[in-house]
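Visitor: Could you show me this protein and talk me through it?

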Amino acid sequence: MNTRTTRTLAAALSLTAALAISGCSSDSDATGGKPKMTVSGGFMPEPVNEKMAGAFMVIKNDSKTADKLVAVTSPLSDDMQIHETKDQKMQQVPSMDVPANGELKLVRGGNHIMFMGLKNKPKVGEKVTIELRFEKADPVKVELDVKDRTHQAQHTESH
Ligand code: CU
């Protein structure tokens, strides 16, 4: 863990403490606000079959409030899961952190969203809509571009 991550964590922890002290008075911290998420680079590699598909993107939290991705829905599947990859094996997790002033990167070989069972098999060039649900932020609709199976996200920091 680098010092930057440590500092971010410390900030998140002290914020949590501050929120706990202020309790339920909703108008005490109007500037704290709820986090707002922006999503970029969302894509789905064209699925091989109708059993499963992955989704990749970058979820950015520009607020001072840490949040969590807690659920994903899509018209394409009734079983959407959040997966992490450990020792090259993927496993389902109940939620994933989106740090304050930070990003959650969903990338090949790492954290990702998984469609378990597809109602149809999308092809390259089509779009798939999903909705991300967060603990605090409003839900975000994302249009995933269906890309060829070997597609990799661009390594740009520009957005
Ligand atoms: Cu997976």
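Guide: Happy to; here are a few questions on the metal site and the overall fold. This is a predicted model, in which local features need pLDDT of at least 70, side-chain atom pairs count only at pLDDT 80 or more, and totals for chains, interfaces and linings use all residues. Residues are numbered from 1 along each chain as its sequence is written, and side-chain values use heavy atoms, with hydrogens and water left out.

Visitor: Which residues coordinate the copper ion?

Guide: Donors are N, O and S atoms within 2.8 Å of the metal (3.2 Å for Na, K and Ca); water is not among the atoms, so sites may look incomplete. Here the donor distances are 2.0 to 2.3 Å, and the residues are His83 (ND1), Met90 (SD), His112 (NE2) and Met114 (SD).

Visitor: What is the geometry of the copper ion's site?

Guide: Four donors count as tetrahedral if all angles lie between 85 and 135 degrees. Angles among the four donor atoms are 100 to 116°, so the site is tetrahedral.

Visitor: Is histidine 112 buried or exposed?

Guide: Buried means under 20% relative accessible area, exposed over 50% (1.4 Å probe, protein chains only). Methionine 114, at 6%, is buried. Histidine 112 has 6% relative accessibility, so it counts as buried.

Visitor: How many strands does the protein have?

Guide: Helices (H or I, at least four residues) and strands (E, at least two) are DSSP runs, numbered from the N terminus. From the N terminus on, the order is α-β-β-β-β-β-β-β-β-β-β. Alongside one helix, the strands number ten.

Technical notes
Tetrahedral: all angles 85-135°; square planar, octahedral: opposite > 155°, others 65-115°.
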